[in-house]
Amino acid sequence: MMSKTFASQADLEEKRVSFEKLSDHAYAYTAEGDPNTGIVIGDDAVMVIDTQATPVMAQDVIRRIREVTDKPIKYVLLSHYHAVRVLGASAYEPEHIIASQDTFDLIVERGEQDKASEIGRFPRLFRNVESVPAGLTWPTLTFTGKMTLWLGKLEVQILQLGRGHTKGDTVVWLPQDRVLFSGDLVEFDATPYAGDAYFQDWPQTLENLAALKPAKLVPGRGAALQTPEQVRAGLEGTRAFVSELYAAVKTGVAAGRDLNTVYREAYAALEPKYGQWVIFAHCMPFDVTRAFDEASGHTHPRIWTAERDVEMWRALEGQ
Ligand SMILES: [Zn+2]
């Protein structure tokens with residue numbers, strides 16, 4: 001296998017931003033496969049779902065919001081704990097930052113390591129990283145399972161429908177509009193990152209999302225899905241990738257092969273079908289390493305640190 005620059009340190013190409021309306025209450029800020037932000041506009045306030053990676057980057061989200069409403073941004077919702085989703089929070093000056101208790105626990109347990117690791121992997125996604133306040137982004141409201149936020153007459157359901165991308169995965173559902181914000185549980189034309197995943201749970205969690213019968217869906221990465229057919233394609237594509245990767249790795253582990261061999265086999269098996277999805281080469285080493293652990297009996301993902309990232313990459317990619 002060719003040796004590749006560590007993670008996405010060589011990815012410097014700026015993406016084009018789209019700001020799309022999904023319903024009277026829902027907008028999607030997307031950028032050709034870079035991390036998305038969702039916006040919910042209620043009667044009296046705005047909620048932002050995932051913040052962008054830095055306060056300077058979040059200012060562009062705020063600028064777009066101000067083109068469609070002057071209502072105050074009162075709530076930030078974190079779909080999960082990853083730095084690229086949470087470190088822009090301070091820009092919104094929200095009254096509350098909402099997250100599941102499981103996400104809060106992950107920030108306590110591994111927030112510092114994750115911050116250093118993610119910035120090292122993908123510098124372009126942390127534009128003006130010096131604008132991130134010292135320390136971590138702390139939720140001010142946590143919940144377990146389900147909470148409902150009423151923005152005037154608009155019902156906003158905040159739900160944990162199972163583990164997948166992380167232990168704390170949270171989705172936002174607008175029952176009146178049938179719009180779902182999935183976070184990284186669903187990606188579209190973008191490779192699911194599974195370095196902190198629960199492979200055996202993820203497909204069932206996607207079925208739980210599908211059972212809501214969303215008419216529209218904002219994925220964690222990729223274009224906003226504007227029709228039920230596109231929603232199905234997003235859910236099914238993510239399920240297929242996660243299931244096929246785990247099946248390939250499980251077979252190798254059961255046969256007693258080492259991580260390096262399993263990695264090469266899984267890469268060769270998945271590349272023909274998924275190699276054109278953005279960040280495929282970036283995600284595969286992390287995804288296969290986590291799948292190898294899970295198939296070897298490690299129920300919970302090990303903590304990634306900047307040092308562990310580089311060691312793993314060197315072992316699998318020869319740099
Ligand atoms: Zn994530």
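# Exercises on a predicted model

Tyr-193, Phe-286, Trp-304 and Trp-313 make up one aromatic cluster in this predicted model. The exercises begin with a member of that cluster.

## Exercise 1. The surroundings of Tyr-193

Determine where Tyr-193 lies, whether it is buried or exposed, and which residues it touches.

**Solution.**
1. Tyr-193 belongs to the loop between strand S11 (179-187) and H4.
2. Its relative accessibility is 11%. Buried means under 20%, so Tyr-193 counts as buried.
3. When residues up to four places away in sequence are not counted, Tyr-193 touches His-82, Arg-121, His-165, Trp-202, Cys-283, Phe-286, Asp-287 and Trp-304.
4. Phe-286 and Trp-304 are on that list, and both also belong to the aromatic cluster with Tyr-193.

## Exercise 2. Strand S3 and its neighbours

Describe how strand S3 (residues 34-41) is covered and how S3 is joined to S2 and to S4.

**Solution.**
1. Eight of the eight residues of S3 are buried, and the strand is mostly covered.
2. On one side of the pairing, strand S2 (residues 26-31) runs antiparallel to S3, with five bridges between them. One such partnership sets Tyr-27 against Ile-39 in S3.
3. S2 and S3 form a hairpin with two residues between them. In that turn, Glu-32 has a positive phi of about 50 degrees.
4. S3 is also joined to strand S4 (residues 46-49) by four bridges, again in an antiparallel arrangement. Here Gly-38 stands opposite Ile-49 in S4, and the hairpin from S3 to S4 passes through four residues.

## Exercise 3. The packing of H4 and H5

Classify the relative orientation of H4 and H5 and give the classes of the residues in their contact.

**Solution.**
1. Two packed helices are described by the angle between their axes and the distance between the axes.
2. For helix H4 (residues 202-210) and helix H5 (residues 228-254), the axes come within 9 Å and cross at roughly 170 degrees.
3. Angles over 145 degrees count as roughly antiparallel; H4 is therefore roughly antiparallel to H5.
4. H4 contributes Trp-202, Pro-203, Leu-206, Leu-209 and Ala-210, which meet Leu-235, Thr-238, Arg-239, Val-242 and Ser-243 in H5.
5. Sorted by class, the contact holds seven nonpolar, two polar and one charged residues.

## Exercise 4. Aromatic pairs around H6

Of the 11 aromatic pairs found in the whole structure, classify the geometry of Phe-241 with Trp-277 and of Tyr-267 with Phe-280.

**Solution.**
1. A pair of aromatic rings is described by the distance of the centres and the angle of the planes.
2. Phe-241 and Trp-277 are 6.0 Å apart centre to centre, with 40 degrees between the planes, and the pair is tilted. It links Phe-241 in helix H5 to Trp-277 in the loop between H6 and H7, 36 residues apart.
3. Phe-241 counts as buried at 1% relative accessibility, and Trp-277 counts as buried at 12%.
4. The ring centres of Tyr-267 and Phe-280 are 5.2 Å apart and the planes are at 70 degrees, so this pair is edge-to-face. Tyr-267 is in helix H6 and Phe-280 in helix H7, 13 residues apart.
5. Both Tyr-267 and Phe-280 are buried. The buried residues of H6 include Tyr-267 and Leu-270, and their cover includes H5, H7 and helix H8 (306-317).

Definitions and conventions
Residues are numbered from 1 along each chain as its sequence is written. This is a predicted model: local features need pLDDT of at least 70, side-chain atom pairs count only at pLDDT 80 or more; totals for chains, interfaces and linings use all residues. Side-chain values use heavy atoms; hydrogens and water are left out. Buried means under 20% relative accessible area, exposed over 50%, partly exposed in between (1.4 Å probe, protein chains only). Two strands pair if DSSP finds at least two bridges between them. Axes are lines fitted to C-alpha atoms, for helices over the stretch in contact, and angles run from 0 to 180 degrees between N-to-C directions. Angles under 35 degrees count as roughly parallel, over 145 as roughly antiparallel, 65 to 115 as roughly perpendicular and the rest as oblique. Contact means heavy atoms within 4.5 Å. Ala, Val, Leu, Ile, Met, Phe, Trp, Tyr, Cys and Pro count as nonpolar, Asp, Glu, Lys and Arg as charged, and the others, Gly among them, as polar. Rings of Phe, Tyr and Trp (its six-membered ring) pair if their centres lie within 6.5 Å; planes under 30 degrees apart count as stacked, over 60 as edge-to-face and the rest as tilted.
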